[in-house]
Amino acid sequence: MNTVVDLFELNLTLTNPKLSYNHKLNAIVKTAAQHVPQADMTSLWVCDESGSIHCIARFDKQSQQFSDGGVISNDNAAAYLEAILDRDILAIESVREHPFTKDMNNEYFIPAGVYSLLDYILHDDFKPKGVLCCEARSEVSQWQEHEKTVLKRIANSSSIFFDFSTYKQECG
């Protein structure tokens with residue numbers, strides 16, 4: 001697996017006007033899944049006018065299936081959003097107990113079977129517009145530095161080409 005080649009291929013996909021928007025979203029989450037070995041699921045989320053976040057693309061590594069949908073309300077995600085906006089990246093080994101994420105247990109983590117996350121913010125014109133999420137269905141002892149580095153590269157690359165005009169609201 002060659003990260004440089006895969007990021008180049010992702011950039012080619014994102015800039016190809018002949019490919020559908022959904023194809024491009026799926027390429028982002030699948031590339032993240034390929035390069036973050038501990039992640040079972042990868043997803044792309046955007047904010048709405050109420051501050052809630054919506055999943056617009058998801059890839060389940062176990063089933064090799066793409067999907068979308070799902071909303072996490074601002075009421076339950078306020079601590080998480082504040083933390084991700086402050087740091088750009090969150091690497092949490094136990095989401096069900098962590099103060100930034102424990103309020104999202106009933107609405108998202110428990111039903112989805114998620115125990116750990118590695119998330120990176122997406123920007124548009126230096127404003128936070130979405131989140132690229134890597135999630136594990138088991139507790140991760142520690143997210144590796146190479147996983148954090150590659151997720152940052154994928155998120156930054158995706159931010160350049162991602163069409164945020166569809167999603168007008170900022171995350172903060």
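Reader: Which helices do the buried residues of H1 pack against?

Author: They pack against helix H2 (21-35) and helix H5 (145-161), where contact means heavy atoms within 4.5 Å, and helices (H or I, at least four residues) and strands (E, at least two) are DSSP runs numbered from the N terminus. This is a predicted model, in which local features need pLDDT of at least 70 and side-chain atom pairs count only at pLDDT 80 or more, while totals for chains, interfaces and linings use all residues. Residues are numbered from 1 along each chain as its sequence is written, and side-chain values use heavy atoms, with hydrogens and water left out.

Reader: What makes the span of helix H1 agree with what is expected?

Author: The expected span is 1.5 Å times one less than the number of residues, so the 13 residues of H1 (residues 3-15) should span 18 Å, and the end C-alpha atoms are indeed 18 Å apart.

Reader: Which residues of H1 are buried, and how do you know that they line one face of the helix?

Author: Asp-6, Leu-7, Leu-10, Thr-13 and Leu-14 are buried, a word used for under 20% relative accessible area, with exposed meaning over 50% and partly exposed in between (1.4 Å probe, protein chains only). Seen down the axis of H1, these buried residues fall within an arc of 115 degrees, so they line one face; the arc is that of the directions from the helix axis to the C-beta atoms. On the other side of H1, Val-4 and Phe-8 are exposed.

Reader: Why is the pair of Arg-137 and Asp-60 called a salt bridge?

Author: A salt bridge needs a side-chain nitrogen of Lys or Arg within 4 Å of a carboxyl oxygen of Asp or Glu, and the side chains of Arg-137 and Asp-60 meet at 2.6 Å, N to O, so the pair meets the definition. The pair links distant parts of the chain, 77 residues apart, with Arg-137 in the loop between strand E7 (127-136) and H5, and Asp-60 in strand E2 (residues 53-60).

Reader: Why is Asp-60 counted as buried, and what is Arg-137 called?

Author: Asp-60 has 16% relative accessibility and therefore counts as buried, whereas Arg-137, with a relative accessible area of 23%, is partly exposed.

Reader: What makes Lys-148 and Glu-145 a salt bridge, and where do they lie in the chain?

Author: Their side chains meet at 3.3 Å, N to O, and being three residues apart in helix H5, they are separated by about one helical turn. Glu-145 is called exposed because its relative accessible area is 53%.
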